[in-house]
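I opened this notebook page to look up charged side-chain pairs and helix packing, and I put the model up before writing anything down.

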Amino acid sequence: MRTATKVLLLKITSFMISISIAIFCVAASAVIFSRSIELIANMGYTNHVEAGILIGIASLLIWIVILGADSAEHILKAGFKKAGNLQQGVNDE
């Protein structure tokens, strides 16, 4: 396989994996939060307690989304760096 083709495939693959991770993290957090709202609303807590619980859940989900975005960024940068090294003829394996 030619080097240019390998570089292109490596860039496309790392980009698609990064996008997939980011979309999954955001979508999963949205689903978890919407289900949490339904569950907490049916438990009979007061409005202040419900708000406190939902703020705590939202804070944790934001943290998880940030971790997912950092992971996606790391995968993207590592893939593009490896593609750049491959294009220059440097083999760092």
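Which residue forms a salt bridge with Lys77, and how far apart are the closest N and O atoms? I looked this up in what is a predicted model, and I found that the partner is Glu73, with the closest N and O atoms 3.2 Å apart.

I then placed this pair along the chain: Lys77 and Glu73 both belong to helix H2, which covers residues 47-88, and they are separated by four residues, about one turn of the helix. For accessibility I noted that Lys77 is exposed, because its relative accessibility of 56% is over the 50% cut-off, whereas Glu73, at 38%, is partly exposed.

Next I asked how many salt bridges the count comes to, and the answer was two. Besides the Lys77 pair I recorded Arg35 with Glu38, whose side chains meet at 2.4 Å, N to O. Both of these residues lie in helix H1, residues 3-41, where they are three residues apart, again about one turn of the helix. I have Arg35 down as partly exposed at 42% relative accessibility, and Glu38 is likewise partly exposed, with a relative accessible area of 41%.

Finally I turned to how the two helices are arranged, and noted that the axes of H1 and H2 come within 8 Å and cross at roughly 175 degrees. Angles over 145 degrees count as roughly antiparallel, so I entered H1 as roughly antiparallel to H2. For the contact of H1 with H2, I listed its residues as 25 nonpolar, eight polar and four charged.

Notes: Residues numbered from 1 in each chain as written. Predicted model: local features only at pLDDT ≥ 70, side-chain atom pairs only at ≥ 80, totals over all residues. Heavy atoms only, no water. Salt bridge = Lys/Arg side-chain N within 4 Å of Asp/Glu carboxyl O. Buried < 20%, exposed > 50% of the residue type's maximum accessible area, 1.4 Å probe, protein only. Axes fitted to C-alpha atoms, helices over the stretch in contact; angles between N-to-C directions. Parallel < 35°, antiparallel > 145°, perpendicular 65-115°, else oblique. Nonpolar A, V, L, I, M, F, W, Y, C, P; charged D, E, K, R; others polar.
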